[in-house]
Amino acid sequence: MTISNTSTRSTAAQVFNDGARDSITFGVAFIFLYISIGVLSATQSLSLTQTLATTLLIFSTPLQFLLIQSHNDGWILLPIILALNARFVLMSATLAPYIRNTSTSKTMASLILITPSIFTGCVTRFKRKADHPFTYMIGLGLPIFGVSIICTYIGFIAGAALTSPVIYAAMTLLLPLQFTALAGKHWPHYSEVSSYWLGFIGAPLLVYLFKDYSLLCTPFVIGGLIVLIENNCKKRREVAP
């Protein structure tokens, strides 16, 4: 009995380490994104406490950029906030079958970690291995969350010193690399990989259509298109003899 408990603890520790290792792939872009959030907050005259609160309590890059840039708009932002947060309902529903045996208190405490990148990492892992899913999610999410907080602080303290072409050039280089790595994690699930290249092609075009709301609208358009394509393919397979 003692040997079994030791083995279980060892397995959970290994899964946690797997998540922490995968956080390197999924979390590289967070360094530059959250440095940028810190810099932007400083230029918008937010306090350090307000800046850190956006990462500690929200931890959603598009929503943080929106709130920091438009924090004086008040209630006008509410519909946009609700629309942006709607994706978390879908992500949580997808993860629920895997972590349903986790206590409610642990689940509630970990909700801040559910971001698109962490969600992608979890779903990719769970399709292959479903052992200790909650432990893996914590191992993947905590390092990314911690680095994001630190980078928010660094960006705010450094302020204008980091508003240089070097930072933007690094983001231009690393963000495509990260999304390429994320797409690779989905292989050979063609529909999921297709969402990345559709976004790559469609995002520059949809910017002209949606302008300031492109970050909000583009994912819904691409996601809806993927669902339509998948449904049509399923119908054709069902009709085919």
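## Contacts and cores in an all-helix model

Ser148 touches Phe30, Tyr34, Thr55 and Phe59, once its neighbours within four places in sequence are set aside. This serine sits in helix 7, residues 133-158. Ser148 is buried, at a relative accessible area of 0%. The model is a predicted one.

**Overall make-up**

The chain has 10 helices and zero strands. Along the sequence the pattern reads α-α-α-α-α-α-α-α-α-α. Of the 241 residues in the chain, 38% are buried. Contacts with a separation of 6 or more are 76% from residues 24 or more positions apart. The accessible surface of the chain is about 14,200 Å². Carbon and sulfur atoms hold 69% of that surface.

**Aromatic residues around Ser148**

Two of the contacts of Ser148 are Phe30 and Tyr34. How many aromatic pairs does the chain hold? The count is six aromatic pairs. In one of them, the ring centres of Phe30 and Tyr34 lie 6.0 Å apart with planes at 5°, so this pair is stacked. Phe30 and Tyr34 are both in helix 1, residues 2-43. They are four residues apart, about one turn of the helix. Both residues are buried.

A further pair is Tyr98 with Phe126: the centres are 4.9 Å apart and the planes stand at 40°, so the pair is tilted. This pair links distant parts of the chain, with Tyr98 in helix 4 and Phe126 in helix 6, residues 116-128. The two are 28 residues apart. Tyr98 is partly exposed, at 32% relative accessibility. Phe126 has 5% relative accessibility and counts as buried.

Phe30 and Tyr34 also belong to one aromatic cluster with Phe59 and Phe145. Phe59, like Phe30 and Tyr34, is in contact with Ser148.

**Nonpolar cores**

The largest nonpolar core has 33 residues. Tyr34, Phe59, Leu95, Ile118, Cys122, Leu140 and Ile144 have the most contacts inside it. Helix 1, helix 3 (61-69), helix 4, helix 6 and helix 7 each give two or more residues to this core. Which helix gives the most to this core? Helix 1 does, with 10 residues.

Ile144 shows how the parts meet. Leaving aside neighbours within four places in sequence, Ile144 is in contact with Ser23, Phe26, Gly27, Phe30, Phe59 and Ile118. A second, separate core has five residues, among them Leu63, Leu66, Ile80 and Leu84.

**Helices 4 and 7**

Helix 4 covers residues 78-99 and has 22 residues. From first C-alpha to last, helix 4 reaches 30 Å, close to the 32 Å expected at 1.5 Å a residue. Where in helix 4 does the kink lie? The kink, of about 25°, is at Ala93, shortly before the proline Pro97. Buried residues in helix 4 include Ile80, Leu84, Phe88, Met91, Leu95 and Ile99. Ile80 and Leu84 are in the second core, whereas Leu95 is in the largest core.

Helix 7 has 26 residues. Its reach is 38 Å from first C-alpha to last, close to the 38 Å expected at 1.5 Å a residue. Gly159 comes just after helix 7 and takes a positive phi of about 55°.

**Thr54 and its contacts**

Thr54 lies in helix 2, residues 48-57. Is Thr54 buried or exposed? Thr54 is buried, with a relative accessible area of 10%. Setting aside neighbours within four places in sequence, Thr54 is in contact with Ile37, Phe59, Gln64 and Ile68. Thr54 and Gln64 are 10 residues apart along the chain, and their C-alpha atoms are 6.3 Å apart.

**Positive phi in the loops**

Ser45 and His132 each have a positive phi in a residue other than glycine. The table sets out their places and values.

| Residue | Phi | Place | Relative accessible area |
|---|---|---|---|
| Ser45 | near 65° | loop between helix 1 and helix 2 | 65% (exposed) |
| His132 | near 50° | loop between helix 6 and helix 7 | 28% (partly exposed) |

Ser45 is exposed, while His132 is partly exposed.

Definitions and conventions. Residues are numbered from 1 along each chain as its sequence is written. This is a predicted model: local features need pLDDT of at least 70, side-chain atom pairs count only at pLDDT 80 or more; totals for chains, interfaces and linings use all residues. Side-chain values use heavy atoms; hydrogens and water are left out. The expected span of a helix is 1.5 Å times one less than its number of residues. The bend at a residue is the angle between axes fitted to the seven residues ending there and the seven starting there. Buried means under 20% relative accessible area, exposed over 50%, partly exposed in between (1.4 Å probe, protein chains only). Contact means heavy atoms within 4.5 Å. Accessible areas come from the Shrake-Rupley method with a 1.4 Å probe; for residues, only the protein chains shown count as cover. Rings of Phe, Tyr and Trp (its six-membered ring) pair if their centres lie within 6.5 Å; planes under 30 degrees apart count as stacked, over 60 as edge-to-face and the rest as tilted. A nonpolar core is a set of buried Ala, Val, Leu, Ile, Met, Phe, Trp, Tyr and Cys residues joined through side-chain atoms within 4.5 Å.
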